[in-house]
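I opened this notebook page to check the cysteines and then the nonpolar packing. My entries follow in the order in which I looked things up.

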Amino acid sequence: MLENMTEKEAREEILSMVEQYYKVFHEKKKDYKEGDRIAYASRVYDQEEMRNLVDSALEFWLTSGRYTEQFEKELAEYIGVRFCSVVNSGSSANLLAFMALTSPLLGDRRVERGDEIITVAAGFPTTVTPYLQYGAVPVFLDLTIPQYNIDVSQLEAALSERTKAVMIAHTLGNPFDLKAVREFCDRHRLWLVEDNCDALGSEYCLNGEWKKTGSIGDIGTSSFYPPHHMTMGEGGAVYTDNPLLHKIIRSLRDWGRDCMCPSGQDNLCGHRFDRQYGELPLGYDHKYVYSHFGYNLKATDMQAAIGCAQLKKLPYFVERRRENFARLREKLVDAEEQLILPEACPDSDPSWFGFLITCKEGVNKNDVVQYLEDHGVQTRMLFAGNLLKQPCFDELRQTKSGYRVVGSLERTDRIMERSFWVGVYPGMTDGMIDHMAKMIVEAVRIRSVP
C-alpha cells in the first residue's frame with residue numbers, strides 16, 4: 001500500500017494509525033475506584049506525544065535536530081530567558097550548570113578547586129554531587145519548616161573569602177526566598193544556580209514583577225524524568241540569560257568543543273580552517289578544537305519530540321497541580337493538631353511537585369507511611385533527608401573534610417525523621433485526592449500516641 005503513496009502521504013497514514021493505536025490501547029478511563037493504588041506521580045500524555053515520537057523516528061535523524069531546536073526555543077520563551085540547552089537528564093543539567101562556573105572564560109569569578117558553594121543538606125544528591133566530585137566545598141545550611149527551603153538567616157554566617165556560588169533547589173515546587181538569596185548573591189558577587197527540577201512553572205514576584213523560577217538565577221536547570229512536571233522519559237535542560245554562560249554550557253555539553261555549529265552543519269562562522277587555537281597547527285579544523293574538558297550530554301530528537309507535545313500541556317499541568325494541592329490541604333485542615341502542613345513561600349505561586357507533611361510529636365511517621373502504603377497510597381521521603389548521613393558521605397564524615405556545616409541542621413534532621421510527601425500530579429482526580437486525604441487522616445488517628 002505504501003509504495004503507491006508519496007513519502008508525505010505515507011507518513012501521514014502512519015501517524016494517523018499511531019493516533020488510533022493510542023485511542024485503542026493507551027487511552028485510559030479517568031474514573032477512580034476506591035481501592036485503586038494512588039501513585040505519587042505518573043505520566044500524563046495523549047496521542048500528540050506518540051505522534052511526535054513516531055514522526056521523529058521516521059526521520060531517523062536520532063540525535064538532536066529540528067524538534068530539539070523547537071523545544072529549546074519554546075522552553076526558553078516559557079521560562080523567560082534567551083538561551084536553553086536540552087540534555088539527557090536533570091542530573092546532567094546540574095552537572096553542566098556547575099561545571100560552567102569552573103570555565104577559565106569567567107576570569108576571577110571562576111570556581112576553582114577548594115572554593116565554596118552554599119547549598120542545603122536536605123534534597124536530591126545530584127544538586128551537590130558535581131561540586132564534590134570537582135573538588136569544590138559544599139557549605140550546608142538548614143531548612144525552614146513549613147516552607148522546607150533554605151534558611152536565609154544563615155547566609156551571612158556561611159560566607160567566607162572562598163565562597164563563589166549558591167546552588168539550591170526549590171523544594172517540591174515551592175520557591176525558596178529568591179529576593180533574599182538574589183540580593184545576597186549580588187551583594188557578594190556570587191553566582192546563583194536555581195535547581196528548578198521540581199518547580200517548572202512556579203512563579204515568584206521579584207521587585208513587583210512576576211517571573212518564572214529558573215529565570216532569576218544566573219543558571220536554571222530542569223528534569224524531564226517521568227514523575228516531573230512534564231516528561232521526555234529521560235531528559236533535562238539548562239537555561240540562562242547570559243550569553244557567555246550559554247556558550248560555556250554548549251561547549252561542555254557537546255564534548256567541550258569550541259565550535260558552535262549545530263549537528264549536521266559545518267563552517268557557519270566561515271573560519272573553519274584559517275585560525276590558530278592553543279598550540280595546534282594554524283588552520284586546524286575548528287570542529288575538532290576543544291576549549292573545555294567536556295562531555296556528551298545531549299538528548300535525542302525523539303525525546304525532544306515528546307517534550308514539544310508536553311510543553312503545550314504544561315500550563316494545564318501547572319494549574320492542575322495547584323488545584324490538587326489546594327484541595328488536599330483543605331481536606332487535611334482537621335489533622336493540623338497532628339501534622340504540619342506545607343506553606344508557600346511569601347511572594348510566590350508554586351507549581352507543586354508534591355505535598356510535604358511533617359508529623360508532630362506523638363505521631364510516628366514510619367507507622368503513618370506504612371499504613372498509607374498498605375492502603376494503596378504511595379509515599380516518598382524528601383529524597384536524601386540529611387545528605388551528610390547517607391552512606392555516600394561515610395568517608396567525608398569520618399575525615400571531617402571536604403565540606404562545611406553552618407549550625408546544627410536541626411530542622412533538616414527533623415524533616416529526615418518526621419516528614420514524608422504524597423503526590424499532586426495532574427492526572428489525579430478529585431476522588432483520588434479525597435481518598436488520599438481520608439487515608440492520611442485515618443492513618444494519623446490510628447497511629448497517634450494518646
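Entry 1, cysteines. I began with Cys 185 in this predicted model, and found that the closest cysteine sulfur, in Cys 345, lies 15 Å from the sulfur of Cys 185. A disulfide needs the two sulfur atoms within 2.5 Å, so the pair is too far apart for a bond. I then turned to Cys 197, which is likewise in no disulfide, the nearest cysteine sulfur being that of Cys 84 at 12 Å. With the same cut-off applied, my count comes to zero disulfides.

Entry 2, burial of these cysteines. I looked up the relative accessible area of Cys 185, which is 1%, and noted the residue as buried. Cys 197, at 8% relative accessibility, also counts as buried.

Entry 3, the largest nonpolar core. Which residues have the most contacts inside it? I listed Phe 98, Leu 101, Ile 117, Phe 140, Ile 219 and Val 238, within a core of 35 residues. At least two residues of this core are supplied by each of helix H4 (90–100), helix H5 (129–134), strand E4 (163–169), strand E5 (191–195) and helix H8 (243–253). I noted that H4 gives the largest share, seven residues.

Entry 4, Leu 101. Leaving out residues up to four places away in sequence, I found that Leu 101 touches Leu 106, Arg 109, Arg 110, Val 111, Ala 165, Trp 191, Val 193, Ile 219 and Leu 245.

Entry 5, a further core. I also recorded a second, separate core of 34 residues, which includes Ile 118, Val 139, Ile 150 and Val 166.

Definitions and conventions. Residues are numbered from 1 along each chain as its sequence is written. This is a predicted model: local features need pLDDT of at least 70, side-chain atom pairs count only at pLDDT 80 or more; totals for chains, interfaces and linings use all residues. Side-chain values use heavy atoms; hydrogens and water are left out. Buried means under 20% relative accessible area, exposed over 50%, partly exposed in between (1.4 Å probe, protein chains only). A nonpolar core is a set of buried Ala, Val, Leu, Ile, Met, Phe, Trp, Tyr and Cys residues joined through side-chain atoms within 4.5 Å. Helices (H or I, at least four residues) and strands (E, at least two) are DSSP runs, numbered from the N terminus. Contact means heavy atoms within 4.5 Å.
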